[in-house]
Amino acid sequence: MSYKSKLKNIKAFVFDVDGVFTDGSVYLMPDKSMCRVMNVLDGYAVVKAVKNNYKICVITGGDDPAVRNRIHYLGIKEYYAKVSDKLEKFEEFRLKYNLQNDEILTMGDDLPDMKIMTASGISTCPKNAVPEVKEISEYISNIEGGKGAVRDVIEQVMKVQGNWIEDNTKSV
């Protein structure tokens, strides 16, 4: 089955944070805190997907309060932080919403994401993912992480399913 035809079955998305929602950079601030940058293109697509009843889950090894706030602000309720075994949380999310693996699209960029990517129905990655992740991805976005790669896959799914129509969703 081709990548595009598999998009018709997608009901949920699972994303990593660093390298997917962000470009992977960490800015070191004078007060010793760290700062990341996220893209409003991704935010718009996430809000639109949530409004259209897609389930979205974020599984990350980190736990930055600013990231947590942003993820919740976008309407994502399933946020797992400080995770060492991402597959365990993937399964928890899948079972909670009674999803089949082929109904889930994942996007990751680095080695810790590979187990959930191979478990999902469709594995995707940003343009700047590591070679091992690109090797197992059915789709490699032509957009880098933190620059709209999340929107790329959400928009593709929603267009194939006829759900990407103009509405009053605000950019966030």
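A residue counts here as buried when its relative accessible area is under 20%, as exposed when that area is over 50%, and as partly exposed in between. The structure discussed is a predicted model.

Q: Why is Leu-28 called exposed?
A: The relative accessible area of Leu-28 is 70%, and the term exposed asks for over 50%, so Leu-28 is exposed. This residue is found in strand S2, which covers residues 27-28. Together with Val-26 and Met-34, Leu-28 forms a nonpolar patch on the surface, and the three have about 310 Å² of accessible area together.

Q: What makes Ile-71 a buried residue?
A: Ile-71 has a relative accessibility of 0%, and buried means under 20%, so the word buried applies to Ile-71. Ile-71 lies in helix H3, and, not counting residues up to four places away in sequence, it touches Phe-21, Met-38, Val-58, Ile-76 and Tyr-79. The C-alpha atom of Ile-71 is separated by 8.8 Å from that of Gly-43, although the two residues are 28 residues apart along the chain.

Q: Is Thr-22, in the loop between S1 and S2, buried or exposed, and how do you know?
A: With a relative accessible area of 1%, Thr-22 falls under the 20% limit, and therefore Thr-22 is buried. Once residues up to four places away in sequence are set aside, Thr-22 touches Val-17, Arg-36, Val-37, Met-38, Gly-145 and Gly-146.

Q: Which residues touch the most other members of the largest nonpolar core, and what makes such a group a core?
A: A nonpolar core is a set of buried nonpolar residues, such as Val, Ile and Phe, joined through side-chain atoms within 4.5 Å. The largest one has 33 residues, among which Phe-13, Phe-15, Phe-21 and Ile-154 touch the most other members. At least two residues of this core come from each of strand S1 (12-15), helix H2 (40-51), strand S4 (55-59), helix H3 (65-73), strand S6 (104-107) and helix H7 (149-160), and H7 gives the most, with six residues. There is also a second, separate core of 12 residues, which includes Ile-59, Val-83, Phe-90 and Leu-99.

Q: What is notable about the phi of Asn-53 and of Lys-82, and how do you know whether these residues are buried or exposed?
A: Neither residue is a glycine, yet Asn-53 has a positive phi of about 70° and Lys-82 has a positive phi of about 55°. Asn-53 lies in the loop between H2 and S4, whereas Lys-82 lies in the loop between strand S5 (78-80) and helix H4 (86-96). The relative accessibility of Asn-53 is 63% and that of Lys-82 is 65%; exposed means over 50%, so Asn-53 is exposed, and so is Lys-82.

Q: Why are S5 and S8 called edge strands?
A: The open sheet has six strands in the order S5-S4-S1-S6-S7-S8, and their pairing is parallel. S5 and strand S8 (139-140) each pair on one side only, and these are the edge strands. On the S8 side, strand S7 (residues 122-125) pairs with S8 in the parallel sense over two bridges, and Cys-125 has Ile-140 as its bridge partner in S8.

Q: How do you know that Glu-103 forms a salt bridge with Lys-11?
A: The closest N and O atoms of Glu-103 and Lys-11 are 3.0 Å apart, and a salt bridge needs this kind of pair within 4 Å, so the contact qualifies. Glu-103 lies in the loop between H4 and S6 and Lys-11 in the loop between helix H1 (3-6) and S1, so the pair ties together parts that are 92 residues apart in sequence. Glu-103 is buried, at 13%, which is under the 20% limit, while Lys-11 has 46% and is partly exposed.

Q: What separates Lys-89 from Glu-92 in helix H4, and why are both called partly exposed?
A: Lys-89 and Glu-92 are three residues apart, which means a separation of about one helical turn, and they form a salt bridge with their closest N and O atoms 3.2 Å apart. Lys-89 has 22% relative accessibility and Glu-92 has 37%; partly exposed covers the range between 20% and 50%, so the term fits Lys-89 and Glu-92.

Technical notes
Residues are numbered from 1 along each chain as its sequence is written. This is a predicted model: local features need pLDDT of at least 70, side-chain atom pairs count only at pLDDT 80 or more; totals for chains, interfaces and linings use all residues. Side-chain values use heavy atoms; hydrogens and water are left out. Patches are made of residues with over 30% relative accessible area and no salt bridge: like charges are joined within 9 Å, nonpolar side chains (Val, Leu, Ile, Met, Phe, Trp, Tyr) within 5 Å. Accessible areas come from the Shrake-Rupley method with a 1.4 Å probe; for residues, only the protein chains shown count as cover. A salt bridge is a side-chain nitrogen of Lys or Arg within 4 Å of a carboxyl oxygen of Asp or Glu. Helices (H or I, at least four residues) and strands (E, at least two) are DSSP runs, numbered from the N terminus. Buried means under 20% relative accessible area, exposed over 50%, partly exposed in between (1.4 Å probe, protein chains only). Contact means heavy atoms within 4.5 Å. Two strands pair if DSSP finds at least two bridges between them.
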